[in-house]
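Work through the following exercises with the model open. Each one gives a task and then a solution in steps.

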Amino acid sequence: MDECYGMRFIRTETLSLYTTTIYPGRYSSSPIGRRVSHGPFREELKMDIDPLILLIVAVILLVILAKSIRIVNQWERAVVLFLGKFVGIRGPGLFFIVPFLNNIPYIIDLRVLTTSFKAEQTLTKDTVPVNVDAVLFWQVIDVEKAALEVRDYKDSISLASQTALRDVIGKTILADMLTGREAIDAELQRLIGSRVSGWGIRILSVEIRDVVIPGALQDAMSMQAQAERERQARVILGDSERQIAEKFEQAAKSYENNPTALHLRAMNMLYEGLKRGQSTIVIVPSTALNTMNLGDITGTIALAKTVEKEKKEQPDHEQPPQ
């Protein structure tokens with residue numbers, strides 16, 4: 001213990017805090033927890049800090065710091081509110097907010113998104129119930145409008161697409177729906193785009209994936225298609241016969257003044273039929289042979305051969321017996 005004139009103090013090597021009491025003309029110090037009450041005037045300074053309190057304060061500071069740091073991806077944007085009021089769009093990357101004062105209600109994706117939607121048992125213009133399945137490609141282009149103008153833009157897009165699809169189906173007949181999907185896709189894109197234009201959303205394309213019709217109607221359409229194909233086949237066959245007849249007429253005109261060519265053609269037909277190496281019997285009406293003069297030719301040839309044969313046999317019969 002060291003003493004000085006007019007004051008007294010205690011020196012210690014251990015780390016501790018003291019409660020100091022100042023009096024006129026002298027100074028006194030005592031360990032924390034003891035109270036010195038000398039004289040009419042007294043002033044106490046308490047500096048006792050519990051380590052647990054320090055730990056709690058440090059944890060609170062870390063939590064506040066963690067809540068103030070925000071990170072969003074390159075394809076995302078964060079909507080920031082201050083006490084419920086819109087203050088701006090943050091991102092991408094790292095940014096800071098004031099905890100408990102700033103709020104981030106939405107983190108909006110700016111990439112192209114797809115939404116599937118369908119209309120079940122919807123009547124077409126010709127009162128045919130159909131189930132249509134389609135897909136929508138869309139993208140957010142104005143984050144502020146998408147966050148402030150509509151409550152849930154994803155559900156709103158889906159519902160708007162379904163109602164637009166039902167409207168288009170009700171104005172289209174089944175045949176046009178099955179064969180003209182491109183026109184229906186363009187009409188759907190225009191109709192949905194007009195409905196969501198104030199939401200900061202751009203409609204890129206709409207594609208119908210499938211159209212399902214009742215089974216009985218499918219059978220009827222199949223029978224109709226078969227009948228139509230059979231009719232077309234008969235029409236094509238009749239047209240072919242007409243073209244063949246015209247060609248035969250042209251050939252007949254060519255052979256009319258040239259019987260030698262007709263005979264050569266007939267002989268060529270017989271040769272082509274017999275050259276296969278198999279015995280073939282061709283039954284031809286006599287009128288056809290007479291028309292082509294084949295009967296006269298064959299009769300003449302047979303008569304010539306008979307006469308020649310008789311001439312060869314006649315000298316043998318005229319020789320006298322020896």
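**Exercise 1. Contacts of V130**

Find the residues that V130 is in contact with, leaving aside its neighbours within four places in sequence.

Solution. The model is a predicted one. Step one: on the N-terminal side of the sequence, list A119, E120, Q121, T122 and T124 among the contacts of V130. Step two: add I169, L174 and M177. Step three: complete the set with V211, V212 and I213.

**Exercise 2. The nonpolar cores**

Describe the largest nonpolar core and state which elements give two or more residues to this core.

Solution. Step one: the largest nonpolar core has 36 residues. V130, W138 and I203 are those with the most contacts inside this core. Step two: the strands that give two or more residues are β10 (113–123), β11 (129–140) and β12 (201–212). The helices that do so are α2 (143–148), α3 (153–170), α4 (174–179) and α5 (181–195). Step three: of these elements, α3 gives the most, with 7 residues. Step four: another core, of 5 residues, lies apart from the largest one, and V72, A78, V80 and I97 are among its members.

**Exercise 3. T124**

Is T124 buried or exposed, and what does its side chain make a polar contact with?

Solution. Step one: place the residue; T124 lies in the loop between β10 and β11. Step two: its relative accessible area is 4%. Buried means under 20%, so T124 counts as buried. Step three: look for the polar partner; the side chain of T124 makes a polar contact with the side chain of D126, at 2.4 Å. Step four: list the contacts beyond four places in sequence, which are V130, I169, G170, T172, L174 and M177. V130, I169, L174 and M177 are named here, and the contacts of V130 include T124, I169, L174 and M177.

**Exercise 4. Q139**

Is Q139 buried or exposed, and which backbone oxygen lies 2.9 Å from a polar atom of its side chain?

Solution. Step one: Q139 lies in strand β11. Step two: with a relative accessible area of 17%, Q139 is buried, because the value falls under 20%. Step three: the backbone oxygen in question belongs to L110. Step four: not counting residues up to four places away in sequence, Q139 touches L110, R111 and V112, and also G200, I201, R202 and L204.

**Exercise 5. An open sheet**

In what order do the 3 strands of the open sheet lie, and which are its edge strands?

Solution. Step one: the order is β7-β6-β9, with antiparallel pairing. Step two: β7 (85–90) and β9 (102–109) are the edge strands, since each pairs on one side only. Step three: count the bridges between strand β6 (residues 76–82) and β9; there are 6. One of the residue pairs to look for is V79 with its bridge partner Y106 in β9. Step four: ignoring direction, neighbouring strands of this sheet are turned by 25 degrees against each other on average.

**Exercise 6. Salt bridges in helix α6**

How many salt bridges does a search of the whole structure find, and what separates R231 and E228 in helix α6?

Solution. Step one: the search finds 10 salt bridges. Side chains of opposite charge can pair when their charged atoms come close. Step two: R231 and E228 form a salt bridge, and their closest N and O atoms are 2.5 Å apart. The two are separated by about one helical turn, because they are 3 residues apart in helix α6 (residues 215–256). R231 is partly exposed at 45% relative accessible area, and E228 is partly exposed at 34%.

Step three: take the salt bridge between E230 and R234, at 3.0 Å from N to O. These residues are 4 residues apart in helix α6, about one turn of the helix. E230 is partly exposed, with 42%, whereas R234 is exposed, with 60%.

Step four: R242 forms a salt bridge with E246, with closest N and O atoms 2.9 Å apart. Their separation in helix α6 is 4 residues, so they are about one helical turn apart. R242 is partly exposed at 41%, and E246 is partly exposed at 36%. Salt bridges that share partners join D239, R242 and E246 into one network.

Key:
Residues are numbered from 1 along each chain as its sequence is written. This is a predicted model: local features need pLDDT of at least 70, side-chain atom pairs count only at pLDDT 80 or more; totals for chains, interfaces and linings use all residues. Side-chain values use heavy atoms; hydrogens and water are left out. A nonpolar core is a set of buried Ala, Val, Leu, Ile, Met, Phe, Trp, Tyr and Cys residues joined through side-chain atoms within 4.5 Å. Buried means under 20% relative accessible area, exposed over 50%, partly exposed in between (1.4 Å probe, protein chains only). Contact means heavy atoms within 4.5 Å. Two strands pair if DSSP finds at least two bridges between them. Axes are lines fitted to C-alpha atoms, for helices over the stretch in contact, and angles run from 0 to 180 degrees between N-to-C directions. A polar contact is a pair of N or O atoms within 3.5 Å; within protein, one must be able to donate a hydrogen and the other to accept it, and residues adjacent in sequence count only if both atoms are side-chain atoms. A salt bridge is a side-chain nitrogen of Lys or Arg within 4 Å of a carboxyl oxygen of Asp or Glu.
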